[in-house]
Amino acid sequence: IITFVIPQLRIKSSEEMQMRLQHIEPLPQLKGIINKMWLFESSGRAPAADMKLIVPNGMAKLTIPFRNGVSGKNKDYFHLSKESQITLIGVQDIPAIVDVEYDAPHGNIGIEFSPLGAYRIFQLRQSELKNKLFLLEEIMGKSARAMQEIIADTEIIDRKIHLIQVYLVRLLAKSHPDQILDYCIGQIENSKGMVTVAALERKTGYSSRWLYEKFIEKVGVSPKNLSSIIRFNQIYEQWAKNPGAGFFKEGVKEDIYDYFYDRAHFIKEFNRFTGFSPLKFAKSENEFGRIFYKD
């Protein structure tokens, strides 16, 4: 369990906003399908000075706000999930701002699917979900609506967590793995985004066009785009865990040149995934976004 206390920036007030993140171990049947699952709670809205920015990591997500609603927006899209509405967040390759509906206590259950997990659970063209948020019932229909009602009527949080996982296990049982796709995803992840599409062509015997279409359909982004997101996250995660180190100081600077051609290449990709230059971003407050990278 990770608990943060952040001063609430209010005039003539000493109130504090607290955030608590508890990592949850998924059911055995969902290992490899779910990358990460958590219970997030806060005593209110993050301070106005906090960007509340979530950077892309190449993974679709579910969120279930059980206390107070939550909103998400990017440059093209806005979505508000009321309390107890299950929301599906498609794979993102642009930054998003997340906030609670009211400045009041908030709680939600979050589930992050691995790139090879989302297509198994949600059997539709993943590119149609890219950079968008939907109520799960809009995508999955009656079964999701029924599950949403059951979870809303359940008071015990642990029970809510169990119920949504059982629902996901049922969906998983209706699908089969795509072995070529899973192999390529594994190659990208194991190389930390450094494997080339040409190398994937040689290893699989399939053309770059075939691989592109496969990724667009079942991951939502191309193999090249997924690799870029994973490379960016190698650096961003280091910073999130130790923001005092900056991006161009010893210990992080060397790793930048392991994943990017040069400083200009890194800055360009960083701006793409955050909307800011590394130096400007490092000077900003983003405790809300950083908490999800804590061990």
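Which strands each supply at least two residues of the lining of the largest cavity? The first legend below has the reply, and every view comes from a predicted model.

**Figure 1. A look inside the largest cavity.** Here is the reply: strand S3 (34–42) and strand S9 (96–100) each supply at least two residues of this lining. S9 gives the largest share, with three residues. The space in this cavity comes to about 50 Å³. Around it you can find Phe40, Ser42, Gly44, Arg45 and Ala46, together with Lys52, Val98, Asp99, Val100 and Phe288. Sorted by class, these lining residues are five nonpolar, two polar and three charged.

**Figure 2. The second largest cavity.** A search of the whole structure turns up two cavities of 30 Å³ or more, and the second largest has a volume of about 30 Å³. Try to spot the residues that line it: Gly58, Met59, Ala60, Val91, Ser114, Pro115, Ala118 and Val219. Six of these lining residues are nonpolar and two are polar, while none is charged. If you wonder how such spaces are found, rolling a probe the size of a water molecule over the atoms shows where empty space is left.

**Figure 3. Strand S10, covered on both faces.** In a regular strand the side chains alternate between the two faces of the sheet. Strand S10 covers residues 106–113, and eight of its eight residues are buried. On one side sit His106, Asn108, Gly110 and Glu112, and on the other Gly107, Ile109, Ile111 and Phe113, all of them buried.

**Figure 4. The strand partners of S10.** S10 pairs with S3 in the antiparallel sense, over eight bridges. In this pairing, look for Met37, which stands opposite Ile111 in S10. S10 is also joined to strand S5 (residues 61–67), and here six bridges link the antiparallel strands. To find your way in this second pairing, start from Ile64, whose bridge partner in S10 is Ile109.

**Figure 5. The largest pocket.** About 1000 Å³ of space lies in this pocket. Of the 50 residues in its lining, Ile54, Val55, Asn57, Lys61 and Glu112 are the closest to its centre. You have met Glu112 already, as one of the buried residues of S10. Helix H8 gives the most to this lining, with seven residues. The classes are mixed: 22 nonpolar, 17 polar and eleven charged residues.

**Figure 6. The second largest pocket.** This pocket holds about 420 Å³ of space. It is lined by 22 residues, and those nearest its centre are Gly193, Lys224, Ser228, Arg231 and Tyr261. Helix H6 (197–204), H8, helix H9 (253–259) and helix H10 (263–274) are the elements that give two or more residues to the lining. H8 has the largest share here, with six residues. Ten of the lining residues are nonpolar, seven are polar and five are charged.

**Figure 7. Gln234 and its surroundings.** Gln234 belongs to helix H8, which spans residues 223–241. Is Gln234 buried or partly exposed? Buried would mean a relative accessible area under 20%. Gln234 has a value of 21%, so it counts as partly exposed. Leaving aside residues up to four places away in sequence, Gln234 touches Lys192 and Tyr259. Asp255 is 21 residues from Gln234 in sequence, yet their C-alpha atoms are 8.4 Å apart in space.

Notes: Residues are numbered from 1 along each chain as its sequence is written. This is a predicted model: local features need pLDDT of at least 70, side-chain atom pairs count only at pLDDT 80 or more; totals for chains, interfaces and linings use all residues. Side-chain values use heavy atoms; hydrogens and water are left out. Helices (H or I, at least four residues) and strands (E, at least two) are DSSP runs, numbered from the N terminus. Buried means under 20% relative accessible area, exposed over 50%, partly exposed in between (1.4 Å probe, protein chains only). Contact means heavy atoms within 4.5 Å. On a 1 Å grid over the protein atoms alone, a cavity is a set of points where a 1.4 Å probe fits but cannot get out, and a pocket is an open set with protein on both sides within 12 Å along at least five of seven lines; lining residues have an atom within 4 Å of a point. Grid points are joined across faces, edges and corners, and a volume is the space filled by probe spheres set on the points. Ala, Val, Leu, Ile, Met, Phe, Trp, Tyr, Cys and Pro count as nonpolar, Asp, Glu, Lys and Arg as charged, and the others, Gly among them, as polar. Two strands pair if DSSP finds at least two bridges between them.
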